[in-house]
Amino acid sequence: MEPNWALARKRPALEARARIVQTIRAFFVGGDFLEVETPHRIPANAPEIHIDAVPSGGWSLHTSPELAMKRLLAAGYPRLFQLCRVWRQGERGRRHLPEFTLLEWYRSGCDYTALMTDCETLLANLVPAAALSVGDRRVDLTRPWERLTVADAFARHASLPLAEALAGERFDEILTTEIEPRLGWETPTFLTDYPAELAALARRKPGNPAVAERFELYIAGVELANAFSELTDAAEQRSRFARDEALRCAAGKPPCPTPEPFLRELAAMPPSAGIALGLDRLVMLLTGAATIDEVVAFAPEEL
Amino acid sequence: MYTCADLKKGLKLMIDGEPHVLSQFEFTKPGKGQALYKCKLRNMITGSLFDRTYRSGESFEPAALEDREMQFLYRDESGYVFMDNKTYEQVTLSEETLGDDRLLLKDNMDVKILLFNGRGIGITLPNFVNLRVVQADPWVKGDTAAGNNKPARVETGYALAVPSFVETDDLIQIDTRTGQYVTRVKE
């Protein structure tokens, strides 16, 4: 029997992936972040309208470790990171796996702008040449990177104004088809200040409560990370969860229990900011892979 | 009925009373946002292509098609001729209808022909076909790394990447769904 060729040919990508993970660990350990592991199988995820958890023996596999990470923040841990597998039902495409790896990190005593600086510094560690070649284009990674508000992105790139896209429930469609492909080509782009209703776990922006302190990082048209200044108002968080759970039920989705311990302890959480970055996509970008399958040992279809 | 979760390349759907095949398919989803299914559909009768984006929650009618076992006989100016070995009925498919599958088609190969109202509108090749390599660079001694590859061409004219140890005159197995090399076949 010949060796499995499709698997053997992934060796350079898997070696690059291992090096990237080592660099990330060294970066956060050097920055005095505590690496933690939290359970993958949990009683309740945050109820998200468009993210479906995989059921597991009456509980669920986590779709992100964020609630556990925030309980640790609330207990007084100032800087945390975690690299872990997460599961999201039905997500499969060129840049999606139903089981993938998230890098999450959290800082207390700051807002989402500190995480932008972290992203810039992390990439500087990963790419000493400070430029990424994507196809025949070159993305300059020199700091600072572009900051673009959602409102400005719609004004610049979209075929209809933001207010209309929201009213017609076409926000995600316009974002995906018209805006995302154009972001992060000169330098990476932080797309900032989302409409508040699209950021269930984020704090509203002081002075402009219509938007939330949320950003997404794009490099070469690829959504790489999502970050918030965390909401620390437990009552507000509970009512947002209830609103999203009602929307889930109305859409015929299975019920999502309320994460009570998280809501209870949230009141003790200091002002903080947290971010989730898709490790597989980062490896894709750094290795020039065209599909996510190329940067994992096994895609589900290969099992 | 199909749902968005069933969408994949090659799926056959009935749209406005005519069979369509999903010729390209891309799943996209903002992390926190709604899933979108960007599809390129080919009308299996007219061959015309169009783009459509579906959102989760939509449903689709499967195309009512007959799938019949047939054998590839020959190619002439009218197209590619196939025969049902039980009824001796023959159908002819155009180069356009066959698309890239024609590059993996060998005389006497058993295939499935898709019929819509008695007309041949598509083909399903066996999942795996064995084809002979007619052109490949020689194996460089010492190149034993299992993941290395090089270009090669098989008897039907199809070009693909193969491991470095594959040589001209080898019989190789190809997965027709991905077009990729699987293994060498012992004779």
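How many bridges join strand 12 of chain B to strand 13 of chain B, and which way do the two strands run? There are 3 bridges, and the strands run antiparallel. Keep in mind that this is a predicted model.

## Strands 12 and 13 in their sheet

Strand 12 of chain B covers residues 128-136, and strand 13 of chain B covers residues 149-154. If you want a spot to look at, try B:Gln135, which has B:Arg153 of strand 13 standing opposite.

Zoom out a little and these two strands turn up in an open sheet of chain B, with 5 strands in the order 14-13-12-15-16. The pairing in this sheet is antiparallel. At the edges sit strand 14 (159-163) and strand 16 (180-184) of chain B, each pairing on one side only. From one strand to the next, the twist averages 55 degrees.

## Chain B as a whole

What does the rest of chain B bring in the way of helices and strands? The count for the chain is 1 helix and 16 strands. Its C-alpha trace spans about 55 × 55 × 25 Å along the principal axes.

Of the 187 residues in chain B, 24% are buried. As for contacts, take those between residues at least 6 apart in sequence: 46% of them join residues at least 24 apart.

## Where chain B touches chain A

Chain B puts 20 residues into its contact with chain A, and chain A puts in 21. On the chain B side, strand 3 (18-28) and strand 16 each supply at least two residues. Strand 16 is a familiar face here, being one of the edge strands of the open sheet.

What is the chain B side made of, by class? It has 8 nonpolar, 8 polar and 4 charged residues.

## A helix pair in chain A

Over in chain A, helix 2 (residues 11-30) packs with helix 10 (residues 279-287). The angle between them is about 115 degrees, and their axes are 10 Å apart. Is the crossing of helix 2 of chain A past helix 10 of chain A right-handed or left-handed? It's right-handed.

Which residues meet there? Helix 2 of chain A brings A:Ala13, A:Ala16, A:Arg17 and A:Ile20, while helix 10 of chain A brings A:Leu282, A:Val283, A:Leu286 and A:Thr287. Sorted by class, this contact between helix 2 and helix 10 of chain A has 6 nonpolar residues, 1 polar and 1 charged.

Note on methods: Residues are numbered from 1 along each chain as its sequence is written. Chains are lettered from A and ligands numbered from 1 in the order in which they are written. This is a predicted model: local features need pLDDT of at least 70, side-chain atom pairs count only at pLDDT 80 or more; totals for chains, interfaces and linings use all residues. Helices (H or I, at least four residues) and strands (E, at least two) are DSSP runs, numbered from the N terminus. A residue is buried if 20 or more other C-beta atoms lie within 10 Å of its own, exposed if 12 or fewer, and partly exposed in between; C-beta atoms are placed from the backbone. Two residues are in contact if their C-beta atoms, placed from the backbone, lie within 7 Å. Axes are lines fitted to C-alpha atoms, for helices over the stretch in contact, and angles run from 0 to 180 degrees between N-to-C directions. A crossing is left-handed if the near helix is turned anticlockwise from the far one by less than a right angle, and right-handed if clockwise. Ala, Val, Leu, Ile, Met, Phe, Trp, Tyr, Cys and Pro count as nonpolar, Asp, Glu, Lys and Arg as charged, and the others, Gly among them, as polar. Two strands pair if DSSP finds at least two bridges between them.
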